[in-house]
Amino acid sequence: MGRHEQREQVFRLLFQVEFHRPEEMPRQMRLFLEDNEEIPSQKDADYIEERCGRIREKIPEIDRLIDDNTVGWETARMGKAELAVLRLAVFEMRFDDDIPAGVAIDEAVEIAKKYGQENSGGFVNAILAKIVKLD
């Protein structure tokens, strides 16, 4: 499984955060990973689970950063797909030195186009472009 596929699985798991209480997420993660035929190995499942867990720990900080860089679009008003992809990309940009910001943005835009609404790619790109300029 390549990084793009892993990233997409992390996004799909992060998407569920908005629909479950925090104490339910370990069980939801386990169910997602066990029943997912797209995840070919335990190594991939472990990576996806660990990555999602690290992002979930940083959600308050990530959401503040997103909120500080949007006008009229605080995280509470955003579409769930857009919010999940923004959280993933901001985590990669801020907390993962192995992923260049440009790669994180490009991947986020592609995921937003696939899973979000019609203008999601541009919306995600605009927010991430503002955040990357802070560096």
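A salt bridge here is a side-chain nitrogen of Lys or Arg within 4 Å of a carboxyl oxygen of Asp or Glu. Keep that cut-off in mind for the close-ups below, which all come from a predicted model.

**View 1. Glu92 and Arg51 pair up in a salt bridge.** The N to O distance between these two side chains is 3.6 Å, so the pair falls within the 4 Å cut-off. Glu92 sits in helix α4 and Arg51 in helix α3 (residues 42-68), which makes this a link between distant parts of the chain, 41 residues apart. Are the partners buried or exposed? Glu92 has a relative accessibility of 3% and counts as buried. Arg51 is buried too, with a relative accessible area of 3%.

**View 2. Zoom out a little and a network of salt bridges appears.** Which residues belong to it? Arg7, Arg51, Glu92, Asp96 and Glu107 are joined into one network by salt bridges that share partners. For the wider picture, the structure holds 13 salt bridges.

**View 3. Arg7 meets Glu107 in a salt bridge.** Here the N to O distance is 3.3 Å. Arg7 belongs to helix α1 (residues 3-15) and Glu107 to helix α5 (residues 101-115), so to speak a long reach along the chain: the two are 100 residues apart. Arg7 counts as buried, at 7% relative accessibility. Glu107 comes out at 18%, and because buried means under 20%, Glu107 gets that label as well.

**View 4. Arg21 and Glu24 form another of the salt bridges.** Their side chains meet at 3.2 Å, N to O. Glu24 is partly exposed, with 25% relative accessible area.

**View 5. Helix α4 packs against helix α6.** Helix α4 covers residues 80-95 and helix α6 covers residues 120-132. Their axes come within 11 Å and cross at roughly 30 degrees. Angles under 35 degrees count as roughly parallel, and the two helices are therefore roughly parallel to each other. The crossing of α4 past α6 is right-handed.

**View 6. A closer look at the contact of α4 with α6.** Who does the touching? On the α4 side you'll find Glu82, Val85, Leu86, Ala89, Val90, Met93 and Arg94. Facing them from α6 are Ser120, Phe123, Val124, Ile127, Leu128, Ile131 and Val132. Sorted by class, the contact has 11 nonpolar residues, one polar residue and two charged ones.

Note on methods: Residues numbered from 1 in each chain as written. Predicted model: local features only at pLDDT ≥ 70, side-chain atom pairs only at ≥ 80, totals over all residues. Heavy atoms only, no water. Axes fitted to C-alpha atoms, helices over the stretch in contact; angles between N-to-C directions. Helix = DSSP H or I, 4+ residues; strand = E, 2+ residues; numbered from the N terminus. Parallel < 35°, antiparallel > 145°, perpendicular 65-115°, else oblique. Left-handed = near helix turned anticlockwise from the far one by under 90°. Contact = heavy atoms within 4.5 Å. Nonpolar A, V, L, I, M, F, W, Y, C, P; charged D, E, K, R; others polar. Buried < 20%, exposed > 50% of the residue type's maximum accessible area, 1.4 Å probe, protein only.
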